[in-house]
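Biologist: I should be grateful for a close look at one part of this protein, the nonpolar core. Please set it in the context of the whole chain and then turn to some individual residues.

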Amino acid sequence: MLLKQYKTHFFDSLKNIQDEQEIESFFFILTEYLHNLKRVDVALNPNFELSEDDVEKWNAILADLQQEKPIQYITGEAWFYGLRFEVNENTLIPRPETEELVEWVIESQKSKVQSQKLEILDIGTGTGCIPISIKVNLPQANVSAIDVSEKALEVAKRNAQSNKVEINFIQANILEVEDLSQLPSSIIHHPSPYNIIVSNPPYVRNLEKEEIKKNVLDYEPHLALFVEDTDALLFYRKIAQLALKNLASNGLLFFEINQYLGKETVELLENLGFKNIELKKDMYGNDRMIRCTI
């Protein structure tokens, strides 16, 4: 079978599930994944032939896509801030909105003296996309990252290695940590007050599950997504309390937040005594990020 013939079948099989632009994106991601053919290569090879084995592979992937399995879990990779990251069912798929959070962190340091010692901590790291992207762009920083999931940390460590950066990864349940200075010492550096603490913690309330698409709800780790309706700001409160003890003078705390709880999150930080609180919208116009100081 010719690839262009399979393309017609591929589009017909997904047209009731995804829009045409998304299907086209999936198709060319897969031509590169399965055959190392970029879009231009496909155009230049209109008679590219699929073997029976190739067709079996395409059919297996198509069946997954019909069940709305994320393409990133099929290929095992996602791109974030210009970097490639391994992903699997133990990690959330990095989002474009989180790239905006990383950009905000990096921009906050652009005018600083590059030789200045910088200690940065990411809480709830998942794939490691936040600390790794920060380290690549702020190489002078000592960067640490915490996650409760050992399996997620295994992925994050491989991502740090493939992106050629050193990150101090720590397994810990942040809700059980009393003081960040008590975390295990790093082989890279000894913990000290942090200049920046950043976190994209679980923030989707159970009551919001009906808004969540099947590809997220059925496949991405709920541990990293959901919080109880009765205490939706649990992680923000705990991390903010730790930041009060462990941020350096003029240190910055960054959060990605639930778009529906911007006002409540700001009020929480105000009540804890944080200053210069900035609430920022994402590219879609939703309240998505907060920056503040102690």
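Modeller: The account below begins with the whole protein, moves to the core, and ends with single residues.

The model is predicted, so local features need pLDDT of at least 70 and side-chain atom pairs count only at pLDDT 80 or more, while totals for chains, interfaces and linings use all residues. Residues are numbered from 1 along each chain as its sequence is written, and side-chain values use heavy atoms, with hydrogens and water left out.

The secondary structure comprises 11 helices and 11 strands; helices (H or I, at least four residues) and strands (E, at least two) are DSSP runs, numbered from the N terminus. The C-alpha atoms fill a box of roughly 65 × 40 × 35 Å along the principal axes. For 294 residues a compact globule would have a radius of gyration near 19 Å, and the value of 21 Å for this protein agrees with that. The radius is taken over C-alpha atoms, and the globule rule is 2.2 Å times the number of residues to the power 0.38.

Of the 294 residues, 51% count as buried. Buried means under 20% relative accessible area, exposed over 50%, and partly exposed in between (1.4 Å probe, protein chains only). Among contacts with a separation of 6 or more, 64% join residues 24 or more positions apart, where contact means heavy atoms within 4.5 Å.

We come now to the core itself. A nonpolar core is a set of buried Ala, Val, Leu, Ile, Met, Phe, Trp, Tyr and Cys residues joined through side-chain atoms within 4.5 Å. The largest one has 36 residues, of which Ile-146, Ile-174, Leu-180, Ile-197 and Leu-253 touch the most other members. Elements that each supply at least two residues of this core include strands β3 (118–123), β6 (194–199) and β9 (247–256), together with helices α10 (234–246) and α11 (262–271). Helix α10 gives the most, with six residues. Ile-174, leaving aside neighbours within four places in sequence, is in contact with Ile-123, Ile-146, Leu-180, Phe-235, Lys-238, Ile-239 and Leu-242. A second, separate core of 29 residues includes Val-165, Ile-196, Phe-254 and Met-289. In soluble globular proteins, nonpolar side chains tend to be buried together.

Burial can also be followed in two helices. Seven of the nine residues of helix α7 (residues 129–137) are buried, so this helix is largely enclosed by the rest of the structure. The buried residues of α7 are Cys-129, Ile-130, Pro-131, Ile-132, Ser-133, Ile-134 and Lys-135. Ala-152 lies in helix α8 (residues 150–162) and is buried, with a relative accessible area of 1%. Not counting residues up to four places away in sequence, Ala-152 touches Asn-90, Thr-91, Gly-126 and Asp-147.

Two exposed residues complete the picture. Lys-164 is found in the loop between α8 and β5 (168–171) and counts as exposed at 74% relative accessibility. Asn-276 lies in strand β10 (residues 275–281) and is exposed, with a relative accessible area of 58%. Phi is positive in each of these residues, near 60° for Lys-164 and near 50° for Asn-276. Most residues other than glycine have a negative phi.
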